Amino acid sequence: MTAVVELTGVVKEYPGGVRALDGVDLTIGEGELLGIVGPSGSGKSTLLHVVGTLDRPTGGSVRIAGHDVAALTDRRLSALRARHIGFVFQAFHLVPGVAAVDNVAEGLLYSGLPRARRRGMAADALARVGLADRLRHRPHELSGGQRQRVAIARAVVGEPALLLADEPTGALDSASGEAVMDLLHTLNAEGATIAVITHDTEIAGRLPRQVRIRDGRVVADTARGKVAA
Amino acid sequence: MSRTPVLRAARLGPRDVLHVGSAGLRSRPVRVVLSALGIAIGIATMIAVVGISASSQAQLLRQLDALGTNMLVAKAGEGMFSGQEVKLPKDAVGMVGRIDGVEEAAGTGDLDRTVRRSEKIPEGETGGIAVKAATERLLDVLRGRPAAGTWLNAANGRYPAVVLGHVAAERLGIDRPGRQVWIDDRYFTVVGILDPLPLAPEIERSALVGWDAAQRLLGFDGHPTAVYERSTDATVRQVQNLLAPTIDPRNPQNVAVGDPSSALKAKAATEGAFSTLLLGLGGIALLVGGVGVANTMIISVLERRHEIGLRRSLGATRGQIRIQFVTESLMLSGLGGLAGVALGSAAVAAYAATGGLPWVVPPWSAAGGFAATLAIGTVAGLYPAVRASRLSPTLALAAG
């Protein structure tokens, strides 16, 4: 199995001496669906940022899709995000007043693909998340669950090596949350590598692999020992 | 899994740059209008100042065109030794008329008399109005026409009839022919009032009496003091050289030859020189407008932290975030600039329409004004854009 994410001894220390990550080792293989669980303040958001290359660690090494993050300039890091990483946020972060298909196409804006191609792929991605009939709807015309599915479509439209979902159900009622988790399972079955960051142990419990974080360390990993990195 | 050995950030096409740059504007139209307004006022002021000057100048040049530049005046100069006024020969007008190329010639002769509204007004109050004898062709040479009544002719030129220049009529308080004015020791009947004569302001300030009547009634000696002539356009310079020697072959230096159209040209040039003060005011308005745009952009960056974070997570480089906000600033001030050019042009049009002037907005002023807004947009957008690009994506994405 190829590793999409390889974290070795990752430390993230903020000025003032707060250690958000304290020696994290984590390997995520291609095609995995895992939950990163921990209470608030455990360091899981920092872990998300480091894995998503939005933040650089102060120590240890981070390899994403085979690239050593420490060796990359900001430009190359941006390109890495554009090609290989898709983000889903708790607050959706859709552009208000813009049709769903255009919101999704925004996910390819920095990929270098031509405009028409981006829109075609965006329509396909919306079909994948079950919103083929909502292409022209604007965010305020969609339910919360539908908005999150638009955001997921935006994250997967470029076929990233890794999909990072930060509390994807946090702003949704349980039925919509259920639908979103089902969608993530479906996408994983289709081959996507997905990491779900959540504080909700119930949601994490239904994922094939769980990584528990506390005080900046991995305290439990259901895959440890089973996966040869 | 596709492993590209080297990662390269994709470039945004021009259309995509416009797209991301205008996104912020489209979602906040009222703010766009308000902050573009500052720029618009500045540019409109500058365009209006330049345009109104240019329109006035165009009007003068148009007038000059109608009046022609082929008229010359020969006047009696000062005597070289005596300091006394030299008189032109009696038949100076006839001699000038025979010069090759001269089409028409006319003369006036100064009379040492005053004109008053009535005999009861003291002699000293001349109101600056001169009394002159005039030949019949004078009005043709000047291309003037009577605003009311008639010009001097063979019939009324023998009688105590007078034609007033429009300034003279105004000063005497006479608004229509038929009234009488006191000249020397008798009443003359006003038979006509002239339209303005831009080429001969001295005639505008005169009361004109027929050549014969002046000789018979006012003791005029028949020596003209000024000869007006019009030649073909091609011979103007040639005639100019011949005028003095023709009129006074022995003492040509006693004859001063003038070209009234050159004075008008000079006036047109000064009209074209716009007021630097007003232009400076426009510049200050523009500067304030630029500060407004910078302010709006800073607020826009603060408000759109999430969007910036999102774009960074989608793979935007710092440079692409900078480009986005500089483009937004450029569009904002560019819109203001366009509105300002339109507004300023409309102001010039309104001014021209009320004053009967031609509507002129020099293309360089519109282009220059617009270029200035683009420069201001870049400067105003640069700092906010750099701030936006330096935002940490993680902070930008943090909820709240």
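A residue counts as buried if 20 or more other C-beta atoms lie within 10 Å of its own. By this criterion, 49% of the 229 residues of chain A are buried in this predicted model. In chain B, buried residues make up 46% of the 400 residues.

The two chains are described in turn. Chain A holds seven helices and 10 strands. Its radius of gyration is 17 Å, close to the 17 Å that the globule rule gives for 229 residues, so chain A is as compact as a globular protein of that length. Of the contacts in chain A with a separation of 6 or more, 70% join residues 24 or more positions apart.

Chain B comprises 14 helices and 11 strands. The radius of gyration of chain B is 35 Å, well over the 21 Å that the globule rule gives for 400 residues, so this chain is more spread out than a compact globule. Residues 24 or more positions apart provide 84% of the contacts in chain B with a separation of 6 or more.

The table gives the box filled by the C-alpha atoms of each chain, taken along the principal axes.

| Chain | Box of C-alpha atoms |
|---|---|
| Chain A | roughly 45 × 40 × 40 Å |
| Chain B | roughly 115 × 45 × 35 Å |

The chains also touch each other: the contact takes 34 residues from chain A and 25 residues from chain B. On the side of chain B that touches chain A, the elements giving two or more residues are helix H1 (14–27), helix H11 (305–313), helix H12 (318–355) and helix H14 (393–397) of chain B. The residues of that side of chain B divide into 11 nonpolar, seven polar and seven charged.

How values were computed: Residues numbered from 1 in each chain as written. Chains lettered and ligands numbered in written order. Predicted model: local features only at pLDDT ≥ 70, side-chain atom pairs only at ≥ 80, totals over all residues. Contact = placed C-beta atoms within 7 Å. Helix = DSSP H or I, 4+ residues; strand = E, 2+ residues; numbered from the N terminus. Nonpolar A, V, L, I, M, F, W, Y, C, P; charged D, E, K, R; others polar. Rg over C-alpha atoms; globule rule 2.2 N^0.38 Å. Buried ≥ 20, exposed ≤ 12 C-beta atoms within 10 Å, placed from the backbone.
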